[in-house]
Amino acid sequence: MRNKKTLKSLDKLTKTELPEALRKENILEMLGDAEQNEVNTVMPVKKSYAKRLIPIAASLALVLGLAGLYFGTSREKIDTQEPSENAVEVMRYDDYSEIYAKFQKLKSDFDKQNHTYNIFGGLFNEYAKEDAADMAEASGGLLSDTESTGVPGASASVNTNESLFDKTYGTSHGETNTQEVGVDEGDIIKTDGKYIYAVNTLENTFSIIDCTGGKMAVVSTVDLTGKMGVSEMYINGDCAVLVGHKFKTYDDDSDVKVYNSSYAIVDSIYSGYSGDTAVYVYDISDRTEPKEDTNYFQQGGYYSSRMIGSKLYCVSTYYVDLGVKDIKDRCIPEIGINGQEQQVPADCISVISGTESPSYAVITVLDTNGGTEPTVEAVLGSCEELYATTENLFVCETKYGATQTTKIYKFDYTDTGVDYKCKGEIGGYLHDQFSMSLYDGYLRVATTQNVAEGPWNNTTNTLYILDGDMQTVGKVDDLANGELIKSARFIGNTAYIVTFVQTDPLFVIDVSDPTDPQVKSELKLPGFSQYLHPIADGFLVGVGRDGTETGINDDCKVSLFDVSDPSAPAEVSNLKVMNGKGYADSDLDHNHKLFINLPNGEFAVSFYTNALYWVNDYDFFRNSLYIRYKISDGELQEVARYNLGDDTATLGATYIGDTFYALVYDYSGRSDKTSLVAFSLETNEEIGRIKL
């Protein structure tokens, strides 16, 4: 039986007139233009045009067929033309119908495979397919959007990385150790030179401490219980921006029982995997009485964020559970401000051609100075690594299997948000955010490719260079086959990459010619560096594991590399933490913010030392400390050790004037509290300790 709605639609389609551009007199001009113009990367599709697609396609086929008979060889050229590298790769729509249809297809494929997953204890079973016609209904509610393509005023273009060697860290107060100049990163401790701002992720509080004259006094504390589980923060003048997990309340019969401040434990089958992200902005013009100004949320687990000027760029990964019966209610992520929640506008969603990912990278932009509503951009694909400069934002998604491939999504900044531009795809996976670097319009990326078949060390490492269209224009293959990338740093036109299996090769690679990068040298040393930091012109600091010619040992070391001659890098000195008298480790390999830049080229590094023992199935170290270093006569010297106490974990640190402050958690069971500890940079003695 024919559907009346379908007959009505077909009737309208048959009455559609041929577009002006397809009339006979315009065909020659069309064909000429087609040879000269590439297809746009982003192709908007309007619902109002959908009813015209069938007659247009039919008419176009007929007209092109006639044109081919008339123009002869022109048709031959069109039929054999190679597809453009810049062919349409992303679609946008002004309603949800096409997005619903795509997820229905993903669900159908999922159901056909009759999967049974066991993730966080949840089972996915095959559900009956829903009527595809139900998926064609669109729902409303939009946040403000913009088509502006201007660059944010606070985001003036700079050549990133190049100024890191020359950056001086003032004598007044510390700053968060960030990857790029002009791009702030969230931290749990920050200072403006008078006050220290600290978030206690375990107690779920935000505190402001007056440190005038080297003393410490808590002037206010905000309890965030019931609002959010805070992970990190930013300070922008008189605004405190707190970022983390959103709390939810549930009925007693709900599947969800707990929301923890550090790890969101959420509903049904995908517990915690796609928990919501929350942002709370507080007015701290009166430091003694912070006042909530704005709260914002976006669906998806919080991944990371950056702040450029007054604009916060917040990224979450929203996973769509293909195993549920009613997928329509879940396949569009939601956003909200001050309790007003709605779906991400359809025209703010980029659907990448060929993607089979059931997840979104959701990027929201919030101007903490107010005046504009937050904007949002969502791309089908998860976020597994984030890299930001003042020129572009990059989000990475890696597909794992027998081999690995990484997709890199590139975004431009607009006056109010971000605009998806294009993507690149390379082999392998990234070690961390420092595996990427943008310089003079080229993105340099270091990856490791692990092949499942064959021996356990069947790996290879590659340095890729991508142009502004995210096309690979140069690369270096076969860097230390059989080893893994342990750290990377890009300084101007030079790449420094550390790999390891038994010894530490430090590769120095000249990338001044993006199309022809050249390995200049390779320095092999025992152990390996887990983090590289430019400390002075021509010098790099490496922090990592100590070792012998046969592998690593139980100690850590800090190395000073002279890289002034790219063809002959040298480790001019190194200092071990324990010198064979115990165990040492550091969290610096996954938290670069624990590296503290001090005045006069000095720096401090966080370590754990001594025996390892177990508490509630988690491993802890007996003691935590910061070690202060300086460079004297071209050699590395240890200045002091700031002991933070037994049974403690280092959370972060900073300094104001001649006082060093460290945030530390006591997990001994005696207090289970977070403390702020102060040390004199002149005498190196502990001068105060307060509970937060």
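## The Glu686–Arg689 pair

Glu686 and Arg689 come together through their side chains in a salt bridge, with a nitrogen-to-oxygen distance of 3.1 Å. Keep in mind as you look at this pair that the model is predicted. Glu686 has a relative accessible area of 39%, so this residue is partly exposed. Arg689 also counts as partly exposed, because its relative accessibility is 38%.

## Other salt bridges to look at

The structure holds 17 salt bridges in total, and a few of them are worth finding in your viewer. One of them joins the side chains of Glu571 and Lys557, at 3.5 Å from N to O. Glu571 belongs to strand E36 (residues 570-576) and Lys557 to strand E35 (residues 551-562), so this pair ties together parts that are 14 residues apart in sequence.

Are the two partners of that bridge buried or partly exposed? Glu571 is partly exposed, because its relative accessibility is 22%, where the cut-off for buried is under 20%. Lys557 has a relative accessibility of 6% and therefore counts as buried.

Another salt bridge brings together the side chains of Asp477 and Lys475, with 3.8 Å between N and O. Here Asp477 is partly exposed, at 39% relative accessibility, and Lys475 is partly exposed too, at 44%.

## A linked network

Some salt bridges are joined up. Which residues are linked in a network of salt bridges? Arg92, Glu377 and Asp419 are, so try selecting these three residues together on your screen.

## A negative patch on the surface

Now for some charge on the outside: Asp283, Asp286, Glu289 and Asp293 form a negative surface patch. Where does Glu289, one of its members, sit? Glu289 is in the loop that runs between strand E12 (277-283) and strand E13 (291-298). With a relative accessibility of 45%, Glu289 counts as partly exposed.

## Ser680 and its backbone contact

Ser680 makes a good last stop. This serine is part of strand E44, which covers residues 674-680. Its relative accessibility is 10%, so Ser680 counts as buried.

What does the side chain of Ser680 reach? The side chain of Ser680 comes to 3.1 Å from the backbone nitrogen of Glu682.

Technical notes
Residues are numbered from 1 along each chain as its sequence is written. This is a predicted model: local features need pLDDT of at least 70, side-chain atom pairs count only at pLDDT 80 or more; totals for chains, interfaces and linings use all residues. Side-chain values use heavy atoms; hydrogens and water are left out. Patches are made of residues with over 30% relative accessible area and no salt bridge: like charges are joined within 9 Å, nonpolar side chains (Val, Leu, Ile, Met, Phe, Trp, Tyr) within 5 Å. Accessible areas come from the Shrake-Rupley method with a 1.4 Å probe; for residues, only the protein chains shown count as cover. A salt bridge is a side-chain nitrogen of Lys or Arg within 4 Å of a carboxyl oxygen of Asp or Glu. Lys and Arg count as positive and Asp and Glu as negative; His and the chain ends are not counted. The place of a charge is taken as NZ of Lys, CZ of Arg, CG of Asp or CD of Glu. Helices (H or I, at least four residues) and strands (E, at least two) are DSSP runs, numbered from the N terminus. Buried means under 20% relative accessible area, exposed over 50%, partly exposed in between (1.4 Å probe, protein chains only). A polar contact is a pair of N or O atoms within 3.5 Å; within protein, one must be able to donate a hydrogen and the other to accept it, and residues adjacent in sequence count only if both atoms are side-chain atoms.
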